[in-house]
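Open the model in your viewer and keep the selection panel at hand. This tour goes stop by stop.

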Amino acid sequence: MAAIAESSVVGGRQELQRLAIDHTRVRARQRRLRELGRHVALGLITFVLVAPFYYVLLASLKDSHAIFQYPPELVPWPPFWGNYANVLSHTNFLRWMFNTLFVATTVTVLKVFLDSMAGYALAKIDFTGRKAVFLLMLILLMVPGGALIVPLWSLVNSLGLINTYLALILPPLANPLGAILMRQFILGLPRDLENAARLDGLNEFQIYWRIVLPLIKPGLVVLAVILFTDQFMSFIWPLIATTSDDLIVLTVGVASLRAHGGVDYGLWSASAIMSLVPIAVLFFILQRQFLARSLAGALKQ
Amino acid sequence: MRFSAEEHARLRRRVRLRREISGWLFLGPMFACFVLFLVVPVFGTLWWSTRFGGLIGGTKFVGLDNFTRLITLVGAPQAIRNTLVFAGISVPLILAGALGIALLLARLEKGGAVYRFLVYFPVLVPGVVAALIWLFLTNSDFGLFNETLRAFGQSPVTWLSTDNALGILIALDVWRNVGYWAMFFVAAIIGLPDELYQAAKLDGASAFARFRFLTLPLLRRIIFFAIVVSTIWAFQVFDTAIVLTRGGPAGATTTVVYRVWQYVFGSSNKVGYASAISLVMIVAILALTLVQMRVLRSRRGGD
Amino acid sequence: MIEPRSSAMPAVAPAIELVEVTKHYGKSEAVRGVDLAIAPGEFIALLGPSGCGKSTLLKLIAGLEELTDGEIYVGGKLANYLKPSARNVAMVFQNYALYPHMTVRENVGFPLKMGGVPREEVRARVEAAANLLQLTTQLDRFPDELSGGQRQRVALGRAIVREPLAFLMDEPLSNLDALLRVEMRTELLRLHKRVGRTTIYVTHDQIEAMTMADRIVLMNKGEIQQIGSPSEIYGAPANTFVAKFVGSPPMNLIEGRIEQGSDGLTFRGAAEVPAGKAFAGLSVGPATLGIRPEHIEIVDADHPDAIAAKVDLVERIGSNSNVFLIVAGQASLIANVDADTLIREGDEVHVRIQPEQVRFFDAAGNRVEGKGAAR
């Protein structure tokens, strides 16, 4: 804090102004330095986090000879596409990708509705057992899928569903996170809106469909993203639930490259990069979504 | 009143019934899946943990045998130890890193979006792919780590050895998860009231003091939540372990879930042991969850 | 005790009738045994402080909450177990509750559409309502593009277009700024005169109630305190709560006793008020005297009924002033006098309580009336 000169000093006003300007300038410079520091730190951190991807991308564009070369080429030119060709021709990659996308999309679409309906019931309908159900869901929320593989497998098997798409689609529907999330979003809606809808003659389903769903769209998007990425990354359950070649999902397939088929670094790197494409695309699309309009001021807060 | 009590009761019952039905119609489908594929298996674990045998073919009842033999089981203690070490080191590293990144990001004035995208990206990578990527980092011949060492004139290290493998697994996990919690903390920090910081600055508090006495206490609840959840996740490490090192070398990266899988689907066929371990894990996690719910409900300061 | 008196009602079937209506939320009793009959075309104000149960009562009538006990009749039919949309009532909410993702036209037409009205008719009725409320130019806008007053009118339009048996309004003007509120108040009244539908209007603002209602239902803590026309509520309050709630500044209440004096009954408390017509028929005993600020005059010291007082504070509010007085060193009175009365803080003055305007309340707070008391 600069000392403020007494303006009783001759020429004091100018002195004051000069000091004030200096002070602001010093402050601004400090702020810029701090900002720069943050950028440097974040830049380093991001570099460390992202470098592995670049390195694998590099490897995927080199033939096996170039991979072992030291010093390694930082920009392989010309790029070697053979690895990618190999993935497509020598592995079932496309089938794996299709399976994963199919299951992920189906689960996401189904669960968005199932969970939003369940969330609506938990938030807005007063029925017996509502509190108990919610509590049960909260408690079992954290139970990990990995701990349940034994009885789950046995159950799905006795339903005759092992090695079917249903085996991949149905169990994820049990995750209570979605219903809990939806309940929170729906509870946040203004209450009078629902009251007005009731008076206007909507039945329960219509209120859900025409009023609640459109208004929780951001929440639905969040849920859909979580569901999709969860399914995309799911590994241990698909590993044991489907064994036939045409049902293998991406994660299991890629893991199998390491398990069987010998060591082929080019193949591995190419398949790793190709696996990342859907997620990168999804993320890119979402970045733009975050500029969506917020809930209109039709209701005073 | 012009209508009798019985008539009122009858009509009221009808209205109630309609409401109950609509409630269960909405909740039903999801709840059915929830019960069938989550609640039932939880009890199923209980049942299976008392049996001995394989998944297909018969099993016989052995009571609490599986539990008592758990400690002496081949590989089980090691798996448990590995998992605990893993969780014990990775969680603090992840959360500390996430908090640091969050503090930087939250105060950033411009350009945050790019960093957020890049920091969060590893989170979206499936474990198996992440493990594959790290094979390229840890490879003794051309791995990025050894190449960097070589560039600085150091000798190469065997990263996936018996001693180092678990450390690599931890590093991998940190790399994958730090972005997730960083975003979480950023949202929390942005939500903190500005006036408190301005007041603290006027009081002459340094940046570090502001962090220690203002930010940390205010974030106490969220940090606690993060610790519990990331610990629970740490207990479930599996896919990275299987792809990176197949649980080796010599069981160095065998985790609990890995053991479970091995017991059931691997070479062994001991469903009972697998379920017993699973049950222990479930109970531990439930206990953690309940503790968390209790703590987060009672303490008020961090609101 | 004086029964809550209602002004004479024509012998027509009530549009809405409440019989022993009760609502409990767990342990708390929001509405206790409310009885009320509303004639067709009446404008009823449900008035009371926050938490008195007026909004709950409105929601019970609308069917948005379930009765714990009692009966509600709408249009002569038992409505307890009818869905809100089946009760033929329309509601205007404090927060307007407009559908943010629909245009004004869609918002207003929505109840008709849901009711299966043919599209052509919907359009006609929506435009008629828009004309009535001067919304024709806003029909294709979205709620977030409108001002507060416009949104309020859309909410009204949505209710009007249904041509219901009754309008239920839940503090519809509280979210508007003061000037707009006054404007909308007159507009609502004008609308009521044109459309003539039964209206139940919930408010905590006594001025709204007094200026708009045919009858006021004053509530406190879930119970009805008094039902009556604005002048009845003002001039003949049933108990001290009513006396203090309605009127600004509130009625002065002085505690004391009615005693036998030299020539007839006299009230002795911080002030002494001798017998007047107001005392006829009263008995000796503890009583509270009520007198409205505008019925306290400043007089000269030698006036026979003069009471000594000291001026504590003077609030000048335009054409008159509120004078806060301290009498006998403890009781405080508020007098409302003409603005040009020369008076200053600290003055020692004398005041007179107009005996014809005095109201008495017993120890329980209920008004006691003697024969010949002023109405």
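What follows visits two chain interfaces and then one strand with its partners. Keep in mind that this is a predicted model.

**Stop 1: chains A and B.** Select both chains and show their contacts. Here 70 residues of chain A are in contact with 71 residues of chain B. Which element of chain A gives the most to this side? Colour α1(A): it supplies 12 residues. Then add the other elements that give two or more residues, including α4 (93-124), α5 (130-140), α11 (217-233) and α14 (265-289) of chain A. Now colour that side of chain A by class. You get 54 nonpolar, nine polar and seven charged residues.

**Stop 2: chains A and C.** Switch the selection to chain C with chain A. On this interface, 22 residues of chain C touch 18 residues of chain A. Two elements of chain C give two or more residues each: β6 (89-92) and α2 (104-114). The largest share comes from α2(C), with three residues. By class, the chain C side holds 16 nonpolar residues, five polar and one charged.

**Stop 3: strand β19 of chain C.** Select residues 348-353 of chain C and show side chains. C:V349, C:V351 and C:I353 form the covered face. C:E348, C:H350 and C:R352 form the uncovered one.

Next, add the partners. β15 (residues 296-299) of chain C pairs with β19(C) in the antiparallel sense, over four bridges. Look for C:E297, which stands opposite C:R352. Then select β16 (residues 307-317) of chain C. Its pairing with β19(C) is antiparallel, over four bridges. There, C:A309 stands opposite C:V349, a residue of the covered face.

Notes: Residues are numbered from 1 along each chain as its sequence is written. Chains are lettered from A and ligands numbered from 1 in the order in which they are written. This is a predicted model: local features need pLDDT of at least 70, side-chain atom pairs count only at pLDDT 80 or more; totals for chains, interfaces and linings use all residues. Two residues are in contact if their C-beta atoms, placed from the backbone, lie within 7 Å. Ala, Val, Leu, Ile, Met, Phe, Trp, Tyr, Cys and Pro count as nonpolar, Asp, Glu, Lys and Arg as charged, and the others, Gly among them, as polar. A residue is buried if 20 or more other C-beta atoms lie within 10 Å of its own, exposed if 12 or fewer, and partly exposed in between; C-beta atoms are placed from the backbone. Two strands pair if DSSP finds at least two bridges between them.
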